[in-house]
Amino acid sequence: MMSGISGDQRLYSYSAVLMGSPILLKLFSHDEALASRTFQLIKRYEDLFTVNRAHSEVMAINHAAGRHPVSVTRPVYQLIKCAKAASMVQESAFNLAIGPLVKLWRIGFNGHSVPAATDIAARLALTRPQDVILDDAAGSVFLARPGMEIDLGAIAKGYIADRVRDDLQRQGVDAALINLGGNVHTLGAWSIGLKKPFVADNALVGSIDVVGQSVVTSGIYERYFEQDGRRWHHILDPRTGYPLDNELESVTIVADDSLDGDIWTTLIFGLGVEKGCAALRHREDIEAIFVTKNRDIILSSQRRFRFHLLDDSYRLTDCTA
Ligand code: FAD
Ligand code: MG
């Protein structure tokens, strides 16, 4: 995903690498202090949520799997509670307990390969979201079986993007954009580019005009590897333990909160276009842009954004088509 600005005010861009992702902050004033404050805020949350280092609050829960509950700070408890709720929705493709499979595949990390089917089956048994036991009073999380692991990779960037928005607002900023590597949040009016899947340059299939909305894109072209003549991407089907395989190449969710956007990109990936359209019919707060392998771009609705097609090899339609 890329971003630009309509109008000709002077724009200042600040970048960092956090959470293994390029982070971009855009402001209309030269303000190193604000940029540094923002990156520090992101880093503090990364330190709580990461499962890519030996120690974090989430890792403390994972290390105690099958042994004892772990009390955690409020943001960690709240985010896990929210992730569990998303995981318990009927036929949800979202699963916060997917950790053992993410660690087995290692997609996007060194040492990835297609695991043996028996290993996948063994790990599937350790990914039941109902085995994540929450205690509101104690603020603690207990993983019921040894070997279980929480992974917040599909939701933490959304949560953090919302906290950055809140903080910028508190600092009196009225126009800014934060991009956490696929999770974009905005204050004020912005035009956000939607990347063309599987091309090396920064070609765009379209642009999305929003005011103060979050724009979250999840795709099968960002983190994947090739083996046995196939692409294996990082959004796993919790029912099979293999990457989700359907007509979708990417899904973008436009919503007030990036947390919802992050959850819904995964839910929609699991549903596919037809069921995804049906699920959004009664959700005025969540809007989707589906990009398919057949080069269709399908809009669920266009209440809180305007979409402009920039590549005429794609067909623009909507959920009623
Ligand atoms: P999304 O589609 O939103 O999420 C996909 C990710 O969610 C997968 O990568 C996996 O982690 C997880 N997942 C897969 N299937 C499911 C499922 N069915 N249900 C729920 N979750 C699923 N990357 C690095 O390379 N190095 C790092 O050190 C590193 N540290 C990170 C620290 C934090 C706190 C976070 C949030 C991310 C970090 N990442 C790091 C990136 C991370 O590994 C994922 O690639 C990233 O979160 C994917 O986000 P997305 O928005 O692209 O995809
Ligand atoms: Mg997500």
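**Exercise 1. Ligand 1**

How far does a polar side-chain atom of His234 lie from an oxygen atom of ligand 1? Find this distance, then describe the surroundings of ligand 1.

*Solution.*
Step 1. Bear in mind that this is a predicted model.
Step 2. Start at His234. One of its polar side-chain atoms is 2.9 Å from an oxygen atom of ligand 1.
Step 3. Go on to Asp151. Here an N or O atom of the side chain is 3.2 Å from an oxygen atom of the ligand.
Step 4. Add Asp262. A polar atom of its side chain sits 3.1 Å from an oxygen atom of ligand 1.
Step 5. Widen the view. Ligand 1 is surrounded by 24 residues. The closest are Ala93, Gly153, Ser218, Arg223 and Leu236.

**Exercise 2. The magnesium ion**

Identify the protein donors of the magnesium ion (ligand 2) and explain which parts of the chain they tie together.

*Solution.*
Step 1. List the donors. They are Ala154 (O), Asp262 (O) and Asp262 (OD). Their distances from the ion run from 2.3 to 2.6 Å.
Step 2. Place the two residues. Ala154 belongs to the loop between β6 (140-143) and α6 (156-170), while Asp262 is in helix α7 (residues 258-280), so the pair ties together parts 108 residues apart in sequence.
Step 3. Check exposure. Ala154 is partly exposed, at 29% relative accessible area. Asp262 is buried, at 7%. The cut-off for buried is under 20%.
Step 4. Link back to ligand 1. Asp262 is a donor to the magnesium ion, and a polar atom of its side chain is also 3.1 Å from an oxygen atom of ligand 1.

**Exercise 3. The course of α7**

Compare the end-to-end distance of α7 with that of a straight helix. Where does α7 bend?

*Solution.*
Step 1. Count residues. α7 has 23.
Step 2. Work out the straight span. At 1.5 Å a residue, a straight helix would reach 33 Å.
Step 3. Compare. The end C-alpha atoms of α7 are only 17 Å apart, which falls short of that value.
Step 4. Locate the bend. α7 turns by about 125 degrees at Gly272.

**Exercise 4. Two nonpolar cores**

Which residues touch the most other members of the largest nonpolar core? State what α7 gives to this core, then turn to the second core.

*Solution.*
Step 1. Take the largest core. It holds 72 residues. Ile42, Phe49, Ile150, Leu152 and Phe290 touch the most other members.
Step 2. Look at the contribution of α7. This helix gives the most to the core, with 9 residues.
Step 3. Turn to the second core. It is separate and has 17 residues, including Leu177, Val205, Val291 and Phe307.
Step 4. Recall the general background. In soluble globular proteins, nonpolar side chains tend to be buried together.

**Exercise 5. Positive phi**

Give the phi angle, position and exposure of Arg106 and of Arg295.

*Solution.*
Step 1. Take Arg106. Its phi is positive, about 60 degrees, although it is not a glycine. Arg106 is in the loop between α4 (99-105) and α5 (117-124). At 33% relative accessible area, it is partly exposed.
Step 2. Take Arg295. Its phi is positive too, at about 65 degrees, and it is not a glycine. Arg295 lies in the loop between β15 (287-292) and β16 (296-299). Arg295 is partly exposed, with a relative accessible area of 32%.

**Exercise 6. Sequence separation and distance in space**

For each pair, set the separation along the chain beside the C-alpha distance: Ala321 and Gly147, Thr292 and Arg239, Asn294 and Glu247, Ala85 and Gln130.

*Solution.*
Step 1. Ala321 and Gly147 are 174 residues apart along the chain, and their C-alpha atoms are separated by 46 Å. Ala321 is in the segment after β18 (315-318). It is exposed, at 80% relative accessibility.
Step 2. Thr292 and Arg239 are 53 residues apart along the chain, with 22 Å between their C-alpha atoms. Thr292 is in strand β15. It is buried, at 4% relative accessible area.
Step 3. Asn294 and Glu247 are 47 residues apart along the chain, with a C-alpha separation of 7.6 Å. Asn294 lies in the loop between β15 and β16. It counts as exposed, at 61%.
Step 4. Ala85 and Gln130 are 45 residues apart along the chain, and their C-alpha atoms are separated by 9.8 Å. Ala85 is in helix α3 (residues 74-88). It is partly exposed, at 46%.

Terms used:
Residues are numbered from 1 along each chain as its sequence is written. Chains are lettered from A and ligands numbered from 1 in the order in which they are written. This is a predicted model: local features need pLDDT of at least 70, side-chain atom pairs count only at pLDDT 80 or more; totals for chains, interfaces and linings use all residues. Side-chain values use heavy atoms; hydrogens and water are left out. Donors are N, O and S atoms within 2.8 Å of the metal (3.2 Å for Na, K and Ca); water is not among the atoms, so sites may look incomplete. Helices (H or I, at least four residues) and strands (E, at least two) are DSSP runs, numbered from the N terminus. Buried means under 20% relative accessible area, exposed over 50%, partly exposed in between (1.4 Å probe, protein chains only). The expected span of a helix is 1.5 Å times one less than its number of residues. The bend at a residue is the angle between axes fitted to the seven residues ending there and the seven starting there. A nonpolar core is a set of buried Ala, Val, Leu, Ile, Met, Phe, Trp, Tyr and Cys residues joined through side-chain atoms within 4.5 Å. A residue is near a molecule or strand if one of its heavy atoms lies within 4 Å of it. A polar contact is a pair of N or O atoms within 3.5 Å; within protein, one must be able to donate a hydrogen and the other to accept it, and residues adjacent in sequence count only if both atoms are side-chain atoms.
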